[in-house]
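Got your viewer open? Let's take a short walk through this structure, one selection at a time.

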Amino acid sequence: MRKALRSRFTAKPGNADTIAAMLLDYAASVRAEPGCLVFDPFREEADPDRFCVFEVYEDDAAFRAHLDAPYGGPFNERLAPFIEEPESVLIFLTPLEA
């Protein structure tokens, strides 16, 4: 079964453009992973300091491989000082399938 999630976080004042650039660079790496079906970062229209990333992987194994990618940990470490939350808030989704 596909593994889908949404992550969200808020930029500290003055850091939104830095985060946007970081996300675009990171997205290129994640999208190239085997098993990654979707990795789409967004900025909220009503509050451009708020970010959301929609992710879909082929299955749990592909998601675990994503978590083990060598660039994921460093990305999260670089992101942490720029966001309000202690870390990205992850919301896992269950697909509705007939």
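Here is a tour of a few stops, and keep in mind that the model is predicted.

**Stop 1: a helix with two sides.** Select residues 16-31, which make up helix H1. Try your distance tool on the C-alpha atoms at its two ends: they are 22 Å apart. That agrees with what you'd expect, because 16 residues at 1.5 Å a residue should span 22 Å.

Now colour Ala16, Ile19, Ala20, Met22, Leu23, Tyr26, Ala27 and Val30, the buried residues of H1. Turn the view until you look down the axis of H1: these buried residues fall within an arc of 165°, so they line one face of the helix. Why does a spacing of three or four places work like that? An α-helix has 3.6 residues a turn, so residues that far apart point the same way. Next, pick Asp17, Leu24 and Asp25, which are exposed on the other side of H1.

What do the buried residues of H1 pack against? Show strand S1 (3-10), S2, S3, helix H2 (60-68) and helix H3 (72-79), and you have the answer.

**Stop 2: a hairpin.** Select residues 36-43 for strand S2 and residues 50-57 for strand S3. The two strands pair in the antiparallel sense, over seven bridges. Six residues sit between S2 and S3 in this hairpin. For one pair to zoom in on, click Val38 and then its bridge partner in S3, Val56.

**Stop 3: helix H3.** Go to 72-79 and highlight Gly72, Phe75 and Leu79, which are buried. They cover an arc of only 65° around the axis, which puts them on the same side of H3. S1 and H1 are among the elements that cover the buried residues of H3.

**Stop 4: the largest pocket.** Switch on a surface and look for Tyr26, Glu55, Asn76, Ser88 and Leu90, the lining residues that lie nearest the centre of the largest pocket. In total, 21 residues line the pocket, and its volume is about 380 Å³. S1, H1, S3, H2 and H3 each give two or more residues to the lining. Which element gives the largest share? That's H3, with four residues.

**Stop 5: out past the last strand on our list.** Follow the chain beyond strand S4 (89-93) to find Leu96 in the segment after it. Is Leu96 buried or exposed? Its relative accessibility is 85%, so Leu96 counts as exposed. To finish, draw a line from the C-alpha atom of Leu96 to that of Ala32: the two are 64 residues apart along the chain and separated by 26 Å.

Note on methods: Residues numbered from 1 in each chain as written. Predicted model: local features only at pLDDT ≥ 70, side-chain atom pairs only at ≥ 80, totals over all residues. Heavy atoms only, no water. Pairing = 2+ DSSP bridges. Expected span 1.5 Å × (residues − 1). Buried < 20%, exposed > 50% of the residue type's maximum accessible area, 1.4 Å probe, protein only. Arc of directions from axis to C-beta. Contact = heavy atoms within 4.5 Å. 1 Å grid on protein atoms, 1.4 Å probe; cavity = no way out; pocket = protein on both sides within 12 Å on 5 of 7 lines; lining within 4 Å. Points joined across faces, edges and corners; volume = space filled by probe spheres on them.
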